[in-house]
Amino acid sequence: QVQLVESGGGLVQPGGSLRLSCAASGLTFSRYTMSWYRQGPGKEREMVAGISSFGGNTNYADSVNGRFTISRDNAKNTVYLQMNSLKPEDTAVYYCYAKRTQQSRKWDYWGQGTQVTVSS
């Protein structure tokens with residue numbers, strides 16, 4: 001079955017950096033657009049960054065643009081989120097999301113999430 005497994009979360013001080021990874025299995029990774037979402041305490045889940053199936057296009061939420069970078073390695077079935085200049089408001093559970101559409105059909109999957117806490 002399809003699995004998305006996030007790793008790399010943790011506690012970091014404001015201004016610090018973390019790199020999240022999401023390893024995918026059970027799907028043809030290069031056919032999927034990949035995204036990172038997050039859900040902070042008492043907040044709705046929001047899209048943070050997305051990347052097209054071969055990495056040619058990326059998009060970011062305004063709140064992280066210029067600080068976060070999404071990338072992927074299709075040979076390793078892995079998507080990454082490099083997070084720099086972290087702020088307390090970046091504290092959230094970060095989720096990996098895979099989506100593929102073909103005509104009227106859609107396949108999508110979520111990871112279990114990894115906690116990121118930005119605090120001094």
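Rings of Phe, Tyr and Trp (its six-membered ring) pair if their centres lie within 6.5 Å; planes under 30 degrees apart count as stacked, over 60 as edge-to-face and the rest as tilted. The exercises below apply this to a predicted model.

**Exercise 1.** State how many aromatic pairs the structure holds, and classify the pair of Y32 and Y109.

Solution. The total is 5 aromatic pairs. For Y32 and Y109, the ring centres are 6.2 Å apart and the planes stand at 50 degrees, so this pair is tilted. Y32 lies in the loop between β3 and β4, and Y109 in strand β10 (residues 105-110), 77 residues apart. Y32 has a relative accessible area of 5% and is buried, while Y109, at 26%, counts as partly exposed.

**Exercise 2.** Classify the pair of Y37 and W110, and place both residues in the chain.

Solution. The centres are 5.0 Å apart with planes at 70 degrees, so the pair is edge-to-face. Y37 belongs to strand β4 and W110 to strand β10, 73 residues apart. W110 has 37% relative accessibility and counts as partly exposed. Ring pairs also join Y37 and W110 with Y95 and Y97 in a cluster.

**Exercise 3.** Find the charged ends that sit over the rings of F29 and W107.

Solution. Over F29 it is the charged end of R72, 4.4 Å from the ring centre. Over W107 it is that of R100, at 4.5 Å.

**Exercise 4.** Describe the largest nonpolar core and the surroundings of Y94.

Solution. The core has 29 residues, and Y94 is among those with the most contacts inside it, as are M34 and W36. Strands supplying at least two core residues each include β4 (33-39) and β9 (92-102). Beyond its neighbours within four places in sequence, Y94 contacts residues including W36, Y37, L81 and M83.

Notes. Residues numbered from 1 in each chain as written. Predicted model: local features only at pLDDT ≥ 70, side-chain atom pairs only at ≥ 80, totals over all residues. Heavy atoms only, no water. Core = buried A, V, L, I, M, F, W, Y, C linked by side-chain atoms within 4.5 Å. Buried < 20%, exposed > 50% of the residue type's maximum accessible area, 1.4 Å probe, protein only. Helix = DSSP H or I, 4+ residues; strand = E, 2+ residues; numbered from the N terminus. Contact = heavy atoms within 4.5 Å. Lys NZ or Arg CZ within 6 Å of the ring centre and 35° of its normal.
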